[in-house]
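Good morning, and thank you for coming. Please take a moment to look at the sequence and the structure, and then I shall walk you through them.

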Amino acid sequence: GGARAARARRGGGALSRRAAGAGRRKAPGRVLARGATAAGGQAGDRQATSGVRSEGGVGKLAMAFDDMTAELRENVATLERRVVDRTAELNRQKSYFQSLVEVSPVAIVTMDPEELVSAWNPAATTLFGYLPEEAIGRRIDDLILRSDVLREEGHDLARQATESGRAHRIGQRMRKGGDLLDVEIVMVPLVVKGEHLGFYAIYH
């Protein structure tokens, strides 16, 4: 009887050691799974979830992680929708502005800070004789201010617009063929968030 009891105790101890070993062999898999989830979150995978379902402390942390990633997905989706909507609105405003410039009965010219022409509407072609492809990219001096007197007056107008926010006067400008025109001129600086981007000029 004593021998059988001893053998049973030895057998039970062996089984316990095998069970413990099996538990240790499974543990790395759980650790790797949690590590992969964490790596996915750090890499920016907004679809990542913990994959852990437990009532203990780890389970609560996992549920908090899942809630956080769900909130992140929702916030990113909202931000993306706002960007798309804002881009569409800016495009509509740009198209509206371009349409107004194109159909305007007065000559409209926009220039960069160095007074290189960036836009030239059909009325400007009618008034001065230059096609848009002839005017855009060239200095306004070389188009309608082709004399020392005109250049000096044109530069003074741009300085006044920059300093005062608007310049208005009646003067002369030169057509493509060399004829002088009496025109009413309004020029304003184009300023966005404190940065001077150029000039907007109307000739009539």
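I begin inside one helix: Arg159 and Asp156 both belong to helix α6, where three residues, or about one turn of the helix, separate them. Please keep in mind throughout that this is a predicted model. Between these two side chains there is a salt bridge, with the closest N and O atoms 3.7 Å apart. How exposed are Arg159 and Asp156? Arg159 is partly exposed, at 45% relative accessibility, and Asp156 is also partly exposed, at 33%. Their salt bridge does not stand alone, for salt bridges that share partners join Glu153, Asp156, Arg159, Arg169 and Arg173 into one network.

Helix α6, which spans residues 148–164, offers another pair with the spacing of about one helical turn, namely Arg151 and Asp148. Their side chains form a salt bridge as well, at 2.8 Å from N to O. Here the two partners fall into separate classes of accessibility: Arg151, at 27%, counts as partly exposed, whereas Asp148, at 59%, counts as exposed, because the cut-off for that class is over 50%.

How many salt bridges does the structure hold? There are seven. One of them joins the side chains of Glu134 and Lys176, at 2.7 Å from N to O. This pair links distant parts of the chain: Glu134 lies in helix α4, residues 132–135, and Lys176 lies in the loop between β3 and β4, with 42 residues separating the two. Both partners are partly exposed, Glu134 at 25% relative accessibility and Lys176 at 40%.

Let us now step back to the whole chain. Its secondary structure consists of six helices and five strands. Read from the N terminus, the order is α-α-β-β-α-α-α-α-β-β-β. Of the contacts between residues at least 6 apart in sequence, 37% join residues at least 24 apart.

Next, the interior. What percentage of the 204 residues is buried? The figure is 27%. As general background, nonpolar side chains in soluble globular proteins tend to be buried together. In this model, the largest nonpolar core has 25 residues, and Trp120, Ile140 and Tyr203 have the most contacts inside it. Several elements give two or more residues to this core, among them β1 (107–111), β2 (117–120), α3 (122–128) and β5 (195–203). Which element gives the largest share of the core? It is α6, with four residues. The helix that carries the salt bridges I described at the start is therefore also a contributor to the core, whose members are by definition buried.

Ile140 deserves a closer look. Leaving aside residues up to four places away in sequence, Ile140 touches Val109, Met111, Glu115, Val117, Trp120, Leu145 and Tyr203. Two of these partners, Trp120 and Tyr203, were named a moment ago with Ile140 for their contacts inside the core.

Finally, the surface. The protein chain exposes about 13,500 Å², of which carbon and sulfur atoms supply 56%. Which residues make a nonpolar patch there? Leu190, Val192 and Leu197 make one of about 220 Å². Val192 sits in strand β4, residues 180–192. With a relative accessible area of 45%, Val192 is partly exposed; a patch residue needs over 30%, so Val192 meets that requirement.

Thank you for your attention.

Technical notes. Residues are numbered from 1 along each chain as its sequence is written. This is a predicted model: local features need pLDDT of at least 70, side-chain atom pairs count only at pLDDT 80 or more; totals for chains, interfaces and linings use all residues. Side-chain values use heavy atoms; hydrogens and water are left out. Buried means under 20% relative accessible area, exposed over 50%, partly exposed in between (1.4 Å probe, protein chains only). Contact means heavy atoms within 4.5 Å. Accessible areas come from the Shrake-Rupley method with a 1.4 Å probe; for residues, only the protein chains shown count as cover. Patches are made of residues with over 30% relative accessible area and no salt bridge: like charges are joined within 9 Å, nonpolar side chains (Val, Leu, Ile, Met, Phe, Trp, Tyr) within 5 Å. A salt bridge is a side-chain nitrogen of Lys or Arg within 4 Å of a carboxyl oxygen of Asp or Glu. A nonpolar core is a set of buried Ala, Val, Leu, Ile, Met, Phe, Trp, Tyr and Cys residues joined through side-chain atoms within 4.5 Å.
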